[in-house]
Amino acid sequence: METVEDKPWFFQLEPLEGESISHFLGRFRRDNYLTPGELGKLAGIGWVVGRWEKFYLNPFPTKQELEALASIVGVEIERLYQMLPSQGVVMQPKPIRLCAACYGENPYHRLEWQFKERWGCDRHQLRLLAKCINCETPFPVPALWVHGECPHCFLPFAKMAKRQKSRRADFA
């Protein structure tokens, strides 16, 4: 017979509006001191969590995999689906992109920044960044964004906005 003491207890996190699965899983794992492998093992889905954090979504997560993950992270399966691309939307796992202006307002990675056809921010009319504006180091996967800064020169993502180029230049 299973008791309450037999089930692991986790800090629950609320997903943010438009947040990518990678960023959410990274936040959840850090708050609960888990590796991708440990989270996958607890959910009974194996190493697939590490693939999802890198936006490798082929094959696409199954309903059973998301149900298993939902039972651990404490988020409704429908909410997990919102952190994944819709049917027919192509993701680009590399390079990792961000709008520094958006990040400065709300510090988390948006799913839409990784859409293959998306290279600009509609809200700020700026081009998305694919590397640090200071040292040109590519951004790590969002699951690893602990402090919201370049892992090489430590320039905060939000401060990169001042050198982010306008999308209007794309049409000139």
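Helices (H or I, at least four residues) and strands (E, at least two) are DSSP runs, numbered from the N terminus. The structure is a predicted model, in which local features need pLDDT of at least 70, side-chain atom pairs count only at pLDDT 80 or more, and totals for chains, interfaces and linings use all residues. Residues are numbered from 1 along each chain as its sequence is written, and side-chain values use heavy atoms, with hydrogens and water left out. The chain has 6 helices and 2 strands, and from the N terminus on its elements run α-α-α-α-α-α-β-β.

**Overall dimensions and burial**

- The radius of gyration, taken over C-alpha atoms, is 17 Å for the chain, which agrees with the value near 16 Å for a compact globule of 172 residues. The globule rule is 2.2 Å times the number of residues to the power 0.38.
- Along the principal axes, the C-alpha atoms of the chain fill a box of roughly 70 × 35 × 25 Å.
- Of the 172 residues, 45% count as buried, where buried means under 20% relative accessible area, exposed over 50%, and partly exposed in between (1.4 Å probe, protein chains only).
- Contact means heavy atoms within 4.5 Å. Among contacts in the chain between residues at least 6 apart in sequence, 57% join residues at least 24 apart.

**Helix α1**

- Helix α1 is largely enclosed by the rest of the structure, because 9 of its 11 residues are buried.
- The buried residues of α1 are I21, S22, H23, F24, L25, G26, R27, F28 and R29.
- The cover over these buried residues of α1 includes α2, α3, α4 and α5 (77-82).
- Just after α1, Y33 has a positive phi of about 55 degrees.

**Helix α2**

- G37, L39, G40 and A43 are buried in α2. These residues lie on the same side of α2, because they cover an arc of only 165 degrees around the axis. The arc is that of the directions from the helix axis to the C-beta atoms.
- The elements that cover the buried residues of α2 include α1 (21-31), α3 (48-53) and α4.
- G44, just after α2, takes a positive phi of about 75 degrees.

**Helix α4**

- L66, A68, L69, A70, I72 and V73 are the buried residues of α4.
- These buried residues of α4 pack against α1, α2, α3 and α5.
- G74 follows α4 and has a positive phi, near 70 degrees.

**Packing of α2 with α4**

- Two packed helices are described by the angle between their axes and the distance between the axes.
- Helix α2 (residues 36-43) packs with helix α4 (residues 63-73) at an angle of about 105 degrees, and their axes are 8 Å apart. That angle makes α2 roughly perpendicular to α4.
- On the α2 side, L39, L42 and A43 make the contact, and on the α4 side A68, L69 and I72 do so. The residues of this contact comprise 6 nonpolar, no polar and no charged.
- Axes are lines fitted to C-alpha atoms, for helices over the stretch in contact, and angles run from 0 to 180 degrees between N-to-C directions.
- Angles under 35 degrees count as roughly parallel, over 145 as roughly antiparallel, 65 to 115 as roughly perpendicular and the rest as oblique.
- Ala, Val, Leu, Ile, Met, Phe, Trp, Tyr, Cys and Pro count as nonpolar, Asp, Glu, Lys and Arg as charged, and the others, Gly among them, as polar.

**Residue N106**

- N106 is in the loop between α6 (100-105) and β1 (120-121).
- N106 counts as partly exposed because its relative accessibility is 40%.
- N106 and E17 are 89 residues apart in sequence and 9.9 Å apart in space, C-alpha to C-alpha.
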